[in-house]
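Colleague: I'm new to this structure. Could you walk me slowly through one part of it, starting with the strands and moving outward from there?

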Amino acid sequence: MKTFNVPIIYRSPLITAIKQKRKQQDRMKKDFTPTLLDFGALKILLARHFGFCYGVENAIEIAFKTIEENPGKRIFLLSEMIHNPHVNSDLLEKGVQFIMDTSGKQLVPWEALQPDDIVIIPAFGTTLEIEAQLTSLGISPVQYNTTCPFVERVWNKAEQIGEKNYTVIVHGKPGHEETRATFSHSLHNTPTVVVNDMAEARILGEFMTGQRPASDFAGLFKGQYSPGFNVETDLQRVGVVNQTTMLATETQAIADYIKGIIMQQYQLTEATAGERFADTRDTLCYATNDNQSAVNGMLATNADLAIVVGGYNSSNTSHLVELCEEKMPTYFISSEEKILSEKEILHWDFHHKQELHSLHFLPEQTPATIMLTSGASCPDALVEGVIRKLLTFYGLEHKADELADQLMNN
Ligand code: SF4
């Protein structure tokens, strides 16, 4: 896979050395067991796959290169570059301005933009309406476009099935930038509806089978369906695509559920299901899949707790937390700064959108075993920071450098 020129501050020599060693041992990435970092009184189980993905590295490289090559120019980002506060604040410090916040609220009015301004499209992509808005202002929406190719692949899939007259069901968070972009691209080809989760998929299923009156649809899916969507005729031939960072198992469950309804409704078999249910198996992103598989691999072993590092508004990170939470106490933190001491930690409760303050998060006995991973928009340097902070609580701070030296000299 292509390598990118990402600012050195985001890299970690220790994590890079660990990842490279695992890669040499398992080039085809078939082994999702964690890496054991055995420091004696502290054992860290580091996920096999975590951290910056292809799309994030690509976006960061383009953004920083654009800043470097355009001194004196006004540079805007449509919204957050990626869902990581550290990367976003570095960009803001370099003078970049965000036009919108993550929910789509305008921070800089369109009228304030001028034709010679630079506008960077983030990795999530954007809507066709915003592209048209930029074009009308004399600003190219394609020159500084960092839309991830894996997001574009979803758009292409939606377009392909739309052209074959399938309605597109998007499994995604309706307010998320990527889902808004996918929705916009898809609705220009075919009727499109967004479902947030399995509960909404079941409600949609009730419309498909006629268990719910069509008149309820507009209220229940407000803002989530394309103009003119006809619930009676537009749910007879469908395909499911997803926001690339959803929980893989949930997307699969939704697709299976919708397919089951279609097969039952129209008396189809596995062999004939394709007449009314489009095969979209391949719209999950590789990084989401690998990071979730690595967490599942990690959870097959035992530990006292799990720590997941990433931006609090990062969708892919929250799904890693969701998986860990099922098995053990899990702390979702944005950096080592949230670990206040060996007794206190601040961590994000993404279910209730609040930061919690917990005490005695580390086990009293040693050795302590901690699972550690991070989201696709989290710099490895932050994961190294967490390892170093944890080591200090056991008087083992020198061990991180020793391990890095050992790995690099082998
Ligand atoms: S998580 Fe996947 S789709 Fe999103 S930017 Fe990364 S590689 Fe692209």
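Modeller: Two strands pair if DSSP finds at least two bridges between them; strands (E, at least two residues) and helices (H or I, at least four) are DSSP runs, numbered from the N terminus. This is a predicted model, in which local features need pLDDT of at least 70 and side-chain atom pairs count only at pLDDT 80 or more, while totals for chains, interfaces and linings use all residues. Residues are numbered from 1 along each chain as its sequence is written.

Let's begin with β7, residues 192–195. Four bridges join β7 to β6 (residues 167–171) in the parallel sense, and one of the bridge partners is Val193, which sits opposite Ile169. Thr192 and Val194 point one way from β7, Val193 and Val195 the other. All four are buried (20 or more other C-beta atoms within 10 Å of their own, with C-beta atoms placed from the backbone).

Next along the chain is α7 (198–208), which packs with α9 (248–265) at about 10 degrees, the axes 10 Å apart (lines fitted to C-alpha atoms over the stretch in contact, with angles from 0 to 180 degrees between N-to-C directions). The two helices are therefore roughly parallel, the word for angles under 35 degrees. From α7, Met198, Ala201, Gly205 and Met208 take part, meeting α9 residues that include Ala253, Ile254 and Tyr257 (C-beta atoms, placed from the backbone, within 7 Å). This contact has eight nonpolar residues, two polar and one charged; Ala, Val, Leu, Ile, Met, Phe, Trp, Tyr, Cys and Pro count as nonpolar, Asp, Glu, Lys and Arg as charged, and the others, Gly among them, as polar.

Technical notes
Angles under 35 degrees count as roughly parallel, over 145 as roughly antiparallel, 65 to 115 as roughly perpendicular and the rest as oblique. Two residues are in contact if their C-beta atoms, placed from the backbone, lie within 7 Å. A residue is buried if 20 or more other C-beta atoms lie within 10 Å of its own, exposed if 12 or fewer, and partly exposed in between; C-beta atoms are placed from the backbone.
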